[in-house]
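Please open the model in your viewer and keep the sequence panel beside it, since each stop on this tour begins with a selection.

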Amino acid sequence: MGEHLFEFIKSEDEELAVLGVHIEKRLYSDTQSVMSKSRIFVERIINMTFEKEELNVQMYPTLIDRIHKLDRAGILTDYVIERLHWLRKAGNKASHDAEIPKVEDAVKAHRFLFDIAVWYMEIYDYTFEAPEYHLPYQNEQSIDPTQINQLVNQTIKETIGHAVEEKLSHWRSQQQTEKQVTPKSQSDQPKLEPVQPDEAGFKPLAYFRDKGYEVIDKRLKGGTVWVIGTWEDRDDFFDLRKHKFYFRFSKKGSRSTQNRPAWFMLNKSYKGELDDEGGSYQQNVMPSRDNSDENDQPNQRSQKQEQEVEKVEQKQDIVLLKINHPLEQVSDQVAVPKHLLNLEINKVLNGRLSDVTNMLGLY
């Protein structure tokens, strides 16, 4: 374990990897610095997400505004949002309170940062494989190893216990559904042999239908393939990377999914399985980040709407009114109508609109 845990993020941003090293070195000895740096880590990875999604970060001045924007756009999952807000609040508290954060909070922050970094890489790096989580070694014997083990166990229960329970519930539901369906013949059973890579004609739509997913194919209308599912189903989708099929999760789906959570295919060149009988097969290429059909991609649509709003705001009409009074130069660049110099301000504030316009010479 010569490399630190956050080495994998270095390919996307070297400063994040440096922050990770700083946090790990001080995890047990300087918890206040760990919590403050964790918030900086979160802010930087949020800004990187804005850049990937081609969103204007300047329109959202605070970290909470940016998190809410990505949430509304359907980019973040509930799993990630929960961690982002915990780190944001804990970092703020560490920066402003005199109370030193507990070691267990620093350990929890370390785990949450790992989860967020893995989520980012899984979304934007199609070849990424997440490393196994582990805590850094404690060089100085300032903490009893037994205490560290207790912290690890507590952190695991708090951070991944809920996710494991959701996965088990989903698996039990699938098992119960499969027991209720009796196949007509042995030939109707899905083949259990491992499917060979692309050259063997792997069919992703059939793969998901065999697993019980709802598949919505909009390719003939200029869209893409949508598969109804949640972030907890990600293992089924990431497993297709070995066949060079790539899917991305959208929490709010699209019109095609009636805004249900779903995954959409990034392989725009794939022409196979265009009908129920199976269409022609075409070998895949690495996907583009462009999500093809404009009406079928919620994130792309919201970005364009945002750009249009910016254009409208920049094109406000300027109306010039003629002032029928002599002017008095009060500075090199400012001239004021003479009749306004002695005007009492309370008459303007309390007068009728017609009287005010007459006094100001706007007629």
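Among contacts in the protein between residues at least 6 apart in sequence, what percentage join residues at least 24 apart? In this predicted model, the share of such contacts that join residues at least 24 apart is 61%. With the whole protein displayed, the secondary structure can be counted as eleven helices and six strands, and of the 363 residues in the protein, 41% are buried.

**First selection: helix H5**

Select residues 103-124, which form helix H5, a helix of 22 residues whose first and last C-alpha atoms lie 32 Å apart, close to the 32 Å expected at 1.5 Å a residue. If you colour H5 by accessibility, you should find that 20 of its 22 residues are buried, so that the helix is mostly covered.

**Second selection: the nonpolar cores**

Next, display the side chains of Ile 9, Phe 208 and Phe 247, which touch the most other members of the largest nonpolar core, a set of 69 residues. H5, from the previous stop, gives the most to this core, with 15 residues. Centre the view on Phe 247 and, leaving aside its neighbours within four places in sequence, look for its contacts, among them Phe 208, Val 225, Val 227, Phe 237, Leu 240 and Trp 263. A second core, separate from this one, has eight residues, including Ile 228, Tyr 246, Ala 262 and Phe 264.

**Third selection: helices H2 and H4**

Now select residues 31-52 for helix H2 and residues 78-96 for helix H4. These two helices pack with their axes 8 Å apart and at an angle of about 135°. Are H2 and H4 parallel, antiparallel, perpendicular or oblique to each other? Angles over 145 degrees count as roughly antiparallel and those from 65 to 115 as roughly perpendicular, and H2 and H4 are therefore oblique to each other. Their crossing is left-handed. On the H2 side, the residues that make the contact include Met 35, Arg 39, Val 42 and Ile 46, while those on the H4 side include Leu 84, Leu 87, Arg 88, Gly 91 and Ala 94.

Staying with H4, you can check its span: its end C-alpha atoms are 27 Å apart, which agrees with the 27 Å that its 19 residues should cover at 1.5 Å a residue. Among the buried residues of H4 are Tyr 79, Val 80, Ile 81, Arg 83 and His 85.

**Fourth selection: Ala 130**

Move to Ala 130, which is placed in the loop between H5 and helix H6 (145-180). Ala 130 has a relative accessible area of 41% and is therefore partly exposed, since that class lies between the limits of 20% for buried and 50% for exposed. Leaving aside neighbours within four places in sequence, Ala 130 is in contact with Val 118 and Glu 122. A distance drawn from the C-alpha atom of Ala 130 to that of Asp 115, 15 residues apart along the chain, should read 9.7 Å.

**Last selection: the loop between S3 and S4**

Finish at the loop between strand S3 (247-250) and strand S4 (262-265), where Gln 258 is found, and where Asn 259 also has its place. What is the sign of phi in Gln 258? Phi of Gln 258 is near 55°, a positive value in a residue other than glycine, and phi of Asn 259, likewise positive, is near 60°. Gln 258 counts as exposed because its relative accessibility is 64%, and Asn 259, at 52%, counts as exposed as well.

Technical notes:
Residues are numbered from 1 along each chain as its sequence is written. This is a predicted model: local features need pLDDT of at least 70, side-chain atom pairs count only at pLDDT 80 or more; totals for chains, interfaces and linings use all residues. Side-chain values use heavy atoms; hydrogens and water are left out. Helices (H or I, at least four residues) and strands (E, at least two) are DSSP runs, numbered from the N terminus. The expected span of a helix is 1.5 Å times one less than its number of residues. Buried means under 20% relative accessible area, exposed over 50%, partly exposed in between (1.4 Å probe, protein chains only). A nonpolar core is a set of buried Ala, Val, Leu, Ile, Met, Phe, Trp, Tyr and Cys residues joined through side-chain atoms within 4.5 Å. Contact means heavy atoms within 4.5 Å. Axes are lines fitted to C-alpha atoms, for helices over the stretch in contact, and angles run from 0 to 180 degrees between N-to-C directions. Angles under 35 degrees count as roughly parallel, over 145 as roughly antiparallel, 65 to 115 as roughly perpendicular and the rest as oblique. A crossing is left-handed if the near helix is turned anticlockwise from the far one by less than a right angle, and right-handed if clockwise.
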